[in-house]
Amino acid sequence: MKIKQIRPEYVEFIPERLEDGVLYISERYRTAVHKCCCGCGQEVVTPLSPAEWSVKLNSGRVSLWPSIGNWSFPCRSHYVIRDSRVLEAMAMTDRQIQRVKENDRADKTAQIRRTNHAKEAAALVPKP
């Protein structure tokens with residue numbers, strides 16, 4: 001059964017058994033996990049970082065951005081979680097998926113470069 005609504009639940013550790021319609025958010029481990037909203041039951045793990053996904057809470061409603069593209073799952077579902085609603089997104093062609101994956105890799109590489117640069121710059125600052 002397709003999931004149309006999702007609620008946030010803050011946890012330290014992701015539970016072994018996931019409930020349908022719950023987005024488990026671990027701030028400590030910067031990860032959000034939920035069951036695929038198409039209803040297939042697959043576990044969807046979204047790392048939270050500037051180069052990957054971000055979670056926003058607004059009056060108890062949760063949004064997860066960017067979209068979830070489960071292209072490696074048999075269901076190949078694609079959806080957005082916005083204000084606790086699950087919005088189906090258009091199916092993507094293999095070529096579009098490949099471009100998204102290439103952009104994701106480039107974004108991660110750039111984020112790692114920025115993080116390392118900031119650490120190097122902080123190491124150069126003399127300590128009082």
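Rings of Phe, Tyr and Trp (its six-membered ring) pair if their centres lie within 6.5 Å. Keep that cut-off in mind for the first close-up of this predicted model.

**View 1. One aromatic pair turns up in a search of the whole structure.** Phe 13 and Tyr 29 make up the pair, with 5.7 Å centre to centre and 35° between the planes. The pair counts as tilted because planes under 30 degrees apart would be stacked and those over 60 edge-to-face. It ties together distant parts of the chain, 16 residues apart: Phe 13 sits in the loop between β1 (7-10) and β2 (22-26), and Tyr 29 in the loop between β2 and β3. How accessible are the two partners? Phe 13 counts as exposed at 52% relative accessibility, while Tyr 29 is partly exposed at 44%.

**View 2. Four strands make an open, mixed sheet in the order β1-β2-β3-β4.** The edges belong to β1 and β4; each has a single partner strand, so one side of each lacks a neighbour in the sheet. Ignoring direction, neighbouring strands are turned by 25° against each other on average.

**View 3. At one edge, β1 runs parallel to β2.** Four bridges hook these two strands up. Look for Glu 9, whose bridge partner in β2 is Tyr 24.

**View 4. At the other end of the order, β3 (residues 31-35) and β4 run antiparallel.** Here the strands share five bridges, and Ala 32 faces Thr 46 of β4.

**View 5. Side chains alternate along β4 (residues 43-47).** Which ones are buried? Val 44 and Thr 46, which point to one face. Glu 43, Val 45 and Pro 47 point to the other face and are not buried.

Technical notes
Residues are numbered from 1 along each chain as its sequence is written. This is a predicted model: local features need pLDDT of at least 70, side-chain atom pairs count only at pLDDT 80 or more; totals for chains, interfaces and linings use all residues. Side-chain values use heavy atoms; hydrogens and water are left out. Buried means under 20% relative accessible area, exposed over 50%, partly exposed in between (1.4 Å probe, protein chains only). Two strands pair if DSSP finds at least two bridges between them. Axes are lines fitted to C-alpha atoms, for helices over the stretch in contact, and angles run from 0 to 180 degrees between N-to-C directions.
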